[in-house]
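Colleague: I am new to this one and would love a friendly tour. Could you show me the model before we start?

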Amino acid sequence: MMSLDKFTPAWVKRIGLATVAGLFIAGIVFWGGFNWALEATNKESFCIGCHEMEENVFKEYQNTIHYTNRTGVRATCPDCHVPKEWGPKMIRKIQASNEVLHKILGTIDTPEKFNAKRGQLAQNEWKRMKANDSQECRNCHRYDYMDYTEQGNRAARTHPQAFTDGKTCIDCHKGIAHQLPAIDQHIGKQNDGAVAISHGEKPAEPAKEEAKPEAKAESK
Amino acid sequence: MRFIPALALAAAVLLSGVGSVGAQELVNEIGNVTIEGNSKIDMFRPEKDQETIPRNFQKQPPLIPHSIKGYNITQNFNKCMDCHSKERAEETGATKVAKSHYLDREDKKQSNISPRRYFCMQCHVPQFDAKPLVANTYKPAAKRGE
């Protein structure tokens, strides 16, 4: 008993061993609870719990390779949309409170409203992925381990070139899991002046009126 | 003779009441196989990516020599044009959209691709391992000067 007393810090003696043990257990419960809540909001079932997600993006996503494929390995919503590292994850979770606000306001609660906002929402996500070098793609797809002999001709030719150019996944792989917003591809007048898609050469921005002639001149 | 269509109609109405029975007897257009017997597993598979496939006759719309899985053509976006448009073709190494695609129906040249050319796969088709249903002996006409 004597030796234990000698090693006990003064502050423990002051508040008592039982209190310290209590605080320790409370810490575990709080941290565990916090983590549990965080994980609960990081499940696909939570994401598609609101019809904004289920009716629009989730339905589109079901036709893509990240939902159904040969081997049955799949990515869920948070795999691509929530960072895995603790710090960026906290930041993203805090930013998501804005999404809660717009859920309450009903900003995108019909497919029509959603499609009207699709360009803006897509560009937010492109910007985020460009900024973190497509970290969420690279959590699974690491180009150091890509076997070009197993890839299709086009992928095997393009990937090394793009990596040399310092491009990141999202530069080319836009709209692989969800439908794209209206993109100006110079076909008829349908999407004239819509979002100009980038392939890593320039940041994706809505084609502004003054920017449009410039883009056309470029193509000539 | 006039009562036969009426009889057929009556039979159809009767059959529609037991729709599930009727559906089993339907055969699909490929041959004498019931719809239920038409397993998805035995469907045709896309051919492996290959180099440009030579044309069989002059002005044939070039065939698509690569997989187009997941390549959607929607009102918002035409995936084909992401590589084959004249702005992108050089970088991607894809075949550039032909000049004819810029002509409107009055044969006037437009600065943009004509909307009537929007649905690429109306003319350009991907390749599957499907055997021809009917044998044919088609031979392309000799090229000019041959």
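Colleague: Thanks! Which residues does Cys80(B) touch, not counting residues up to four places away in sequence?

Modeller: First, a word on the model: it is predicted, so local features need pLDDT of at least 70 and side-chain atom pairs count only at pLDDT 80 or more, while totals for chains, interfaces and linings use all residues. Residues are numbered from 1 along each chain as its sequence is written, and chains are lettered from A and ligands numbered from 1 in the order in which they are written. Two residues are in contact if their C-beta atoms, placed from the backbone, lie within 7 Å. With sequence neighbours up to four places away set aside, Cys80(B) touches Tyr71(B), Ile73(B) and Cys120(B).

Colleague: Is Cys80(B) buried or exposed?

Modeller: A residue is buried if 20 or more other C-beta atoms lie within 10 Å of its own, exposed if 12 or fewer, and partly exposed in between. Cys80(B) has 21 C-beta neighbours inside 10 Å, so Cys80(B) counts as buried.

Colleague: Where in chain B does Cys80(B) lie?

Modeller: Helices here are DSSP runs (H or I, at least four residues) and strands are runs of E (at least two), numbered from the N terminus. Chain B has four helices and zero strands. Helix H2 covers 19-25 and helix H3 covers 81-84, and Cys80(B) lies in the loop between H2 and H3.

Colleague: Which residues does UniProt place in the "binding site" feature with Cys80(B)?

Modeller: This feature comes from an unreviewed UniProt entry. UniProt positions are given in the numbering used here, feature names are shortened, and annotations may be inferred rather than shown by experiment. The four residues span 19 residues in sequence, yet no two of their C-alpha atoms are more than 12.9 Å apart, so they gather at one spot. Beside Cys80(B), the feature takes in His66(B), Cys83(B) and His84(B).

Colleague: Which residues is His66(B) in contact with, leaving aside its neighbours within four places in sequence?

Modeller: His66(B) is also found in the loop between H2 and H3 of chain B. It counts as buried, with 20 C-beta neighbours inside 10 Å. Its contacts are Gly152(A), Arg154(A) and Asp49(B).

Colleague: How many residues of chain B are in contact with chain A?

Modeller: Let me start with the classes: Ala, Val, Leu, Ile, Met, Phe, Trp, Tyr, Cys and Pro count as nonpolar, Asp, Glu, Lys and Arg as charged, and the others, Gly among them, as polar. On chain A, 19 residues take part in the contact, and on chain B the number is 18. By class, that side of chain B has five nonpolar, ten polar and three charged residues, for a chain B count of 18.

Colleague: Which residues does the other "binding site" annotation cover?

Modeller: This one also comes from an unreviewed UniProt entry, and covers His101(B), Cys120(B), Cys123(B) and His124(B). They span 24 residues in sequence, yet no two of their C-alpha atoms are more than 12.8 Å apart, so they gather at one spot. One of them, Cys120(B), touches Ile73(B) and Cys80(B), not counting residues up to four places away in sequence. To repeat the names: His101(B), Cys120(B), Cys123(B) and His124(B).

Colleague: And is His124(B) buried, partly exposed or exposed?

Modeller: His124(B) is found in the segment after H4 of chain B. Leaving aside neighbours within four places in sequence, its contacts are Pro61(B), Pro62(B), Leu63(B) and Ile64(B). Within 10 Å there are 16 other C-beta atoms, so His124(B) is partly exposed.
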